[in-house]
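Reader: I'd like a close look at one part of this model, namely the buried and half-buried spots and what they touch. Could you walk me through it in one go, starting from the chain as a whole?

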Amino acid sequence: MKARDIINILEKKFPKINAEEWDNVGLLIGDYEKEVKKIQFSLDATLESIENAISKKVDMLITHHPIIFKAIKDITEQNILGKKIRDLIKNDINVYSIHTNLDSSIDGLNDYVLKKLGISEYKILDFNEEKNCGIGRFFKLNKEETLKKFIEKLKLKLKILNLRVISDDLDKKIRKVALINGSAMSYWKKAKKEKVDLFITGDATYHDTLDALESGLSIIDFGHYESEHFFYEILVEELKEKDLEFLIFNSGPVFKFY
């Protein structure tokens with residue numbers, strides 16, 4: 001199956017136009033006409049994930065986070081990004097990234113996290129009417145419950161051992177919740193306008209978090225890696241009927257607790 005055909009399947013449901021303006025998605029390295037039989041899914045194109053793709057003779061690496069994000073001044077063996085790109089090209093491995101278009105599209109990653117939590121009714125936080133998509137989701141629990149109880153349910157359903165919790169009161173009653181996978185503290189004010197009791201995201205930054213806390217908003221940082229590493233489950237579902245072999249490889253979370 002040609003890379004172009006695989007990309008068309010994915011972009012029919014998660015079109016590139018749904019990505020944020022600052023993002024860089026699509027085929028970033030390779031050839032649309034390349035014949036693909038074996039695909040590796042990795043959250044990030046780390047050296048380790050690329051080495052695995054090479055050793056397993058993978059034809060296409062599909063990542064969530066783009067390997068090329070900012071302008072590149074050189075592609076040499078002496079810098080990490082340069083080495084990655086050289087290794088991928090030398091081994092004829094396509095790299096395709098599907099990032100914020102997967103996050104924001106209907107039935108994308110934002111929605112998939114809620115599905116894992118058993119949430120079926122929700123609204124889009126930053127809705128783009130023209131594209132019928134948007135970053136973030138907010139919803140109401142069936143009934144009020146304590147923040148502490150919600151934390152335990154979140155850890156159980158997403159299989160997360162540790163969360164960063166920003167709140168003055170774990171016994172605080174919560175009912176309305178906003179959630180954005182990945183790094184999205186810049187959306188806390190928008191969530192606050194929807195009168196949510198709790199905002200869940202990854203990579204909670206200090207000053208934004210402090211401001212949000214002082215405004216009365218509780219926050220859960222459920223980790224960038226932890227909230228997105230299962231992105232491949234959505235894509236495999238779209239491609240499972242095709243004659244393709246799938247591999248999953250992630251280097252694991254950057255942050256570890258001891």
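Author: Of the 258 residues in this predicted chain, 48% are buried. The chain exposes about 13,700 Å², with carbon and sulfur atoms supplying 49% of that area. As for secondary structure, you're looking at nine helices and 11 strands. The radius of gyration comes out at 19 Å, close to the 18 Å that the globule rule gives for 258 residues, so the chain is as compact as a globular protein of that length. If you want a box for it, the C-alpha atoms fill roughly 55 × 35 × 30 Å along the principal axes.

Contacts and charges next. Take the contacts between residues at least 6 apart in sequence: 66% of them join residues at least 24 apart. On the charge side, there are 42 positive and 44 negative side chains, and the centres of those two sets lie 3 Å apart.

Now for the close look, and Arg137 is a good place to begin. Arg137 sits in strand E6, which covers residues 133-146. Its relative accessibility is 0%, and the cut-off for buried is under 20%, so Arg137 counts as buried. What does the side chain of Arg137 reach in there? One partner is the backbone oxygen of Ser104, at 3.1 Å. Another is the backbone oxygen of Gly134, at 2.7 Å. So if you're checking polar contacts for this arginine, backbone oxygens of Ser104 and Gly134 are the ones to pull up.

Just ahead of that strand there's Asn132, in the loop between strand E5 (123-128) and E6. Asn132 has a positive phi of about 55 degrees although it is not a glycine. With a relative accessible area of 46%, this asparagine is partly exposed. Lys159 also has a positive phi of about 55 degrees, and it isn't a glycine either. You'll find Lys159 in the loop between helix H6 (147-158) and strand E7 (164-166). At 76% relative accessibility, Lys159 counts as exposed, because the cut-off for that is over 50%.

Back to residues with partners elsewhere in the chain. Asn24 belongs to the loop between helix H1 (3-13) and strand E1 (26-29). Its relative accessibility is 24%, which puts Asn24 in the partly exposed class. Setting aside residues up to four places away in sequence, Asn24 touches Pro66, Ile68, Phe69 and Ser97. For Ile68 there's a polar detail too: a polar atom of the Asn24 side chain lies 2.5 Å from the backbone oxygen of Ile68. His65 is 41 residues from Asn24 along the chain, and their C-alpha atoms are separated by 8.9 Å.

Leu244 links up with residues a long way off in sequence. Its place is the loop between helix H9 (232-239) and strand E11 (245-248). At 13% relative accessibility, Leu244 counts as buried. Ile6 is 238 residues away from Leu244 in sequence, yet the two are 9.9 Å apart in space, C-alpha to C-alpha. Besides touching Ile6, Leu244 touches Met1, Val36, Lys37, Ile39 and Leu239, with residues up to four places away in sequence not counted.

Then there's an acidic residue with low exposure. Asp87 lies in helix H3, residues 80-90. Its relative accessibility is 12%, so Asp87 counts as buried. Leaving out its neighbours within four places in sequence, Asp87 is in contact with Ile50, Ile54 and Glu77.

Last stop is Met185, in the loop between strand E8 (173-183) and helix H7 (188-193). Is this methionine buried or exposed? Its relative accessibility is 3%, so Met185 counts as buried. Phe199 is 14 residues further along the chain, with a C-alpha separation of 8.9 Å from Met185. Leaving aside neighbours within four places in sequence, Met185 contacts Phe199, Thr201, Asp203, Ala204, Thr205, Asp208, Thr209, Ala212 and Ile219.

To pull the loop residues together: Met185 and Leu244 are buried, Asn24 and Asn132 are partly exposed, and Lys159 is exposed.

Methods
Residues are numbered from 1 along each chain as its sequence is written. This is a predicted model: local features need pLDDT of at least 70, side-chain atom pairs count only at pLDDT 80 or more; totals for chains, interfaces and linings use all residues. Side-chain values use heavy atoms; hydrogens and water are left out. Helices (H or I, at least four residues) and strands (E, at least two) are DSSP runs, numbered from the N terminus. The radius of gyration is taken over C-alpha atoms; the globule rule is 2.2 Å times the number of residues to the power 0.38. Buried means under 20% relative accessible area, exposed over 50%, partly exposed in between (1.4 Å probe, protein chains only). Contact means heavy atoms within 4.5 Å. Accessible areas come from the Shrake-Rupley method with a 1.4 Å probe; for residues, only the protein chains shown count as cover. Lys and Arg count as positive and Asp and Glu as negative; His and the chain ends are not counted. The place of a charge is taken as NZ of Lys, CZ of Arg, CG of Asp or CD of Glu. A polar contact is a pair of N or O atoms within 3.5 Å; within protein, one must be able to donate a hydrogen and the other to accept it, and residues adjacent in sequence count only if both atoms are side-chain atoms.
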